[in-house]
Amino acid sequence: MPNLPPEASTQFQSYSKWENNIVPFHPVGFKGKIFLLVDSRVYSAAEGFAVFAKNTNFATLVGARTGGDGIGIDPLLLALPHSGYVASFSFSMGLVSDGSCNEETKTLPDVEVDPDASRPLLDQPAVRRVLELAGK
């Protein structure tokens, strides 16, 4: 893991390696291309899906760098006794296959495109790029 953050070896006492082998129960034989639109609003569980899609080549990610923090265990909650304030924080540091911390580096799309979604759907740069890549 060439991009392992230096604090991973000094500030953490243990680690867990999670490796999942996913095998379709009833494969349908789909051979088409799958594209996943991403931007900085992709975070948490959606980020976990984006990481999966990119690292398994399940889909081509199109758009802008994501928001990160999608790998690991659900956040912990801390209730302050006097104010009643409740804060949440990450319980673990999720690393991708090259060792980089997902919350710090986020996920870079395969095809970087302006993620502007303010225009009508078919005029959005990311959607137009997906249509080009799909040959439409």
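**View A. The largest pocket and the residues around its centre.** In this predicted model, 29 residues line the largest pocket. If you want to zoom in on the middle, go to S16, K17, W18, I71 and L95, which lie nearest the centre. The space in there comes to about 1400 Å³. As for chemistry, the lining splits into 15 nonpolar, 12 polar and two charged residues.

**View B. The second largest pocket, centred on another set of residues.** Here 13 residues make up the lining, and S44, D69, I73, D74 and P75 sit closest to the centre. The volume of this second largest pocket is about 230 Å³. Sorting its lining by type gives five nonpolar, six polar and two charged residues.

**View C. Strand β1 and its alternating side chains.** β1 covers residues 35-38. Which of its side chains are buried? L36 and V38 are, and they point to one face of the strand. F35 and L37 point to the other face and are not buried.

**View D. β1 paired with β2, plus the helix that links them.** Strand β2 takes in residues 60-63 and runs parallel to β1, with four bridges joining the two. For a handy landmark, look at F35: it stands opposite T60 in β2. To get from β1 to β2, the chain goes through helix α1, residues 45-55. That makes a β-α-β crossover, and its hand is right-handed.

Key: Residues numbered from 1 in each chain as written. Predicted model: local features only at pLDDT ≥ 70, side-chain atom pairs only at ≥ 80, totals over all residues. Heavy atoms only, no water. Buried < 20%, exposed > 50% of the residue type's maximum accessible area, 1.4 Å probe, protein only. Pairing = 2+ DSSP bridges. Right-handed = clockwise from strand over helix to strand, strands pointing away. 1 Å grid on protein atoms, 1.4 Å probe; cavity = no way out; pocket = protein on both sides within 12 Å on 5 of 7 lines; lining within 4 Å. Points joined across faces, edges and corners; volume = space filled by probe spheres on them. Nonpolar A, V, L, I, M, F, W, Y, C, P; charged D, E, K, R; others polar.
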